[in-house]
Amino acid sequence: MKFICIGRNYADHAKELKNDLPTEPMFFLKPDSALLQQGVAMYIPEWTTDLHYEVEVLVKINRLGKYIEEKFAHRYYDEIGLGIDFTARDIQDECKRKGHPWEKAKAFDGSAIVSKKFLSLEGKNIQNLDFELEKNGSIVQKANTSDMIFSVDRIIAHVSQFMTLKIGDVIYTGTPAGVGPAQAGDVLKGRLEGQLMFSQDIK
Ligand code: ZN
């Protein structure tokens, strides 16, 4: 399985990192080895001094598909989760400066936090979900999926033109404003539609 991650999908976040707004969904991948085992602490790698959290709504693909039309994209998922796209911001800035790929900064072991539970979308509108991230008791990121620049269905239509979506693939749908550093001793709690989805210790 693969993680497909969407960059700059919330205007306020693109602005905080001084990036232009994209004109089509922008994506990158994390390999399956990026998944942090559930219930295990995240150890900050020794090669970064600026590890950032990015809370994101996750969509789990439940059908195989390629060249999926936007109007049919909703048939390819029925559950949502919440996760963190951990990013070594110092390394990412260096990659951007050099015009290099982002994998070193985004795809390292433990960089993908995935909630243990996923919620059924039955009776819910995927483009109207509240989510937030709490760091040591204070809310640091808070948004609604209605603020996405590109909808989940548009993302699926776009990405599936380039790569086959497989059962079990997970899409990170982008992070809103409020990203910041995670330090040893921090506890990050993610909530989706008011439900606690994960509690992540940082070491
Ligand atoms: Zn992200």
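Guide: A strand here is a DSSP run (E) of at least two residues, and strands are numbered from the N terminus. Please keep in mind that the model is predicted.

Visitor: Which strand gives the largest share of the lining of the largest pocket?

Guide: The largest pocket holds about 200 Å³ of space, and 15 residues line it, with Q38, G39, F198, S199 and Q200 lying nearest its centre. Two elements give two or more residues to this lining, namely strand 7 (112-114) and strand 14 (195-201). The largest share, five residues, comes from strand 14.

Visitor: How many of the lining residues of the largest pocket are charged?

Guide: The lining residues can be sorted by their chemical character, which gives seven nonpolar and six polar residues. The charged residues in the lining number two.

Visitor: Which residues coordinate the zinc ion?

Guide: The donor residues follow the spacing E-x1-E-x28-D in sequence, and the pair E54 and D85 links distant parts of the chain, since E54 lies in the loop between strand 3 (51-53) and strand 4 (55-61) while D85 lies in strand 5 (residues 77-85), 31 residues apart. Both E54 and D85 are buried. At 1.9 to 2.1 Å, the zinc ion is coordinated through OE or OD atoms by E54, E56 and D85.

Visitor: Is T87 buried or exposed?

Guide: T87 is placed in strand 6 (residues 87-88), and, leaving out residues up to four places away in sequence, T87 touches D50, L51, H52, E54, Q92, A105 and K106. Buried means under 20% relative accessible area. The relative accessible area of T87 is 0%, so T87 is buried.

Notes:
Residues numbered from 1 in each chain as written. Predicted model: local features only at pLDDT ≥ 70, side-chain atom pairs only at ≥ 80, totals over all residues. Heavy atoms only, no water. Donors = N, O, S within 2.8 Å, 3.2 Å for Na, K, Ca; no water. Helix = DSSP H or I, 4+ residues; strand = E, 2+ residues; numbered from the N terminus. Buried < 20%, exposed > 50% of the residue type's maximum accessible area, 1.4 Å probe, protein only. Contact = heavy atoms within 4.5 Å. 1 Å grid on protein atoms, 1.4 Å probe; cavity = no way out; pocket = protein on both sides within 12 Å on 5 of 7 lines; lining within 4 Å. Points joined across faces, edges and corners; volume = space filled by probe spheres on them. Nonpolar A, V, L, I, M, F, W, Y, C, P; charged D, E, K, R; others polar.
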